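Student: Could we go through this structure together? I'd like to know what stands behind each label.

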Amino acid sequence: MTTAPIPGFPAGFRWGVSTSAYQIEGGATADGRGPSIWDTFAHTPGRIIDGSTGDVACDHYHRHREDVALLAGLGVSAYRFSIAWPRVRPGGTGPVNAAGLDFYDRLIDDLLAAGIDPVATLFHWDLPQPLQDVGGWLNRDTAAHFAEYADVTAARLGDRVKLWITLNEPFIHLSLGHGTGEHAPGQTLLFDSFPAAHHQLLGHGLAVSALRAHSTAPVAIANNYSPVVRHGDTDADHAAAAAYDALHNHLFTDPLLGRGYPDGFDPGVVRDGDLAVIAAPLDVLGVNYYNPTGVRAPEEDSPLPFELVPLEGYPRTAFDWPVVPDGLRTLLVGLRDRYGDALPPIQITEGGCAFDDVPDADGLVHDPDRIGYLDGHLRALRAAIDEGVDVTGYFVWSLLDNWEWAEGFTKRFGLVHVDFATGTRTPKSSYAWYRAQVGRG
Ligand code: PNW
């Protein structure tokens, strides 16, 4: 499948790709890195579908020059990666590990030499295990430790990072990590997990000040959003859809944009002054979008105030996620309508899909479904921009096939195929397609 580049994106629009530390780096014990909650979780039998770990992953820690060359060949103007807190401060508190910062220092210099803006996420779910041992994000102290880590990181890298992202998808870290347990740290607290929402947000707000003390680069947070598709029309269905919408789409964004927590969702651990810290002005809102969510009223004995239902009638990815490009447009228009002037400019910090990509006899990897996915979502994004939503960038998840959390190596999201036995990288046909889209032919 070939489709022509989609015209009409604003001048200076930022085209990028995203990755995260634990999913690509490997080098789990290299140069003083300590364990994170994901090392612990992945090494616990039964947690990861294929029994794999991120010990080696894409071995990006040792192959980052090759990966920067792939980025340069792709022609993107920005690369979003994450910094591993357990490399920078392995104990979570205590001594800083200079060798950990050295790695990101080199990566950033290599990116700048290739003309690529470094976009750095500080927390993509890899909490240092010693902090989990004293309660993790359920412990208010973790917010202060996160700000200390932001401070030392920005002091070293803040002169060259072009956009900071504090947290990646605090809702997914809350819900899958602390609510239902499919992700690290594997807690199943359901609504009792809410202190971990507040403490992530507090950590974000404290980190914003730390970043601004060392860096003039703009500051963002990357939230996951999923437009709600209500099933059924009873009062109970309407209430369930509203509850899920508040949880997934408003719980983090309302306090960030100065509205406090949604009604009925107070985390119970908010102290005087916290909401002002959390509402520190943001320069950019990062939006990660994969799919909408179908919701209806729960069964009577359900512990949750909603039931999630699969959306029928759409193509599906290898993750079984429905492909609904227009959901991106409705999401963006909905954010603009809800938050109005309080909404900062948006960058789409993740979008992408998993398919079962395999090299053919000639070693080429054809992924027409991914091209179709990206083409559809970029057209929906254009439509949202045409409707007046201020969107200034788009990042594909992901540069590389990588270690997809609880799915291990079984879900391939990359524009570049990775042979996990050898580490060999092979650009897929979507890589050439995206290069044309970003304007490098
Ligand atoms: C995001 N869900 O995670 C993450 O930011 C990436 O690290 C990840 O690889 C990517 O999306 C693909 O999964 C999500 O269940 C994990 O709705 C789960 C969900 C959404 C996003």
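Tutor: Sure, one definition to begin with: Ala, Val, Leu, Ile, Met, Phe, Trp, Tyr, Cys and Pro count as nonpolar, Asp, Glu, Lys and Arg as charged, and the others, Gly among them, as polar. By that split, the shell around the ligand has 8 nonpolar, 4 polar and 3 charged residues. Keep in mind that this is a predicted model, where local features need pLDDT of at least 70, side-chain atom pairs count only at pLDDT 80 or more, and totals for chains, interfaces and linings use all residues. Residues are numbered from 1 along each chain as its sequence is written, and side-chain values use heavy atoms, with hydrogens and water left out.

Student: Which residues come nearest to the ligand?

Tutor: Gln23, His124, Glu350, Glu404 and Trp405, out of 15 around it. A residue is near if one of its heavy atoms lies within 4 Å of the molecule.

Student: What makes the link between the ligand and the side chain of His124 a polar contact?

Tutor: A polar contact is a pair of N or O atoms within 3.5 Å. For His124, a side-chain N or O atom is 2.8 Å from a ligand oxygen, so the pair qualifies. Trp405 has such a pair at 2.9 Å, and Trp397 has one at 3.1 Å. The protein buries 88% of the 460 Å² that the ligand exposes when taken alone (Shrake-Rupley method, 1.4 Å probe).

Student: Why is Asp55 called partly exposed?

Tutor: Buried means under 20% relative accessible area, exposed over 50%, and partly exposed in between (1.4 Å probe, protein chains only). Asp55 has 30%, so it counts as partly exposed.

Terms used. Polar contact = N/O pair within 3.5 Å; in protein donor to acceptor, adjacent residues only side chain to side chain.
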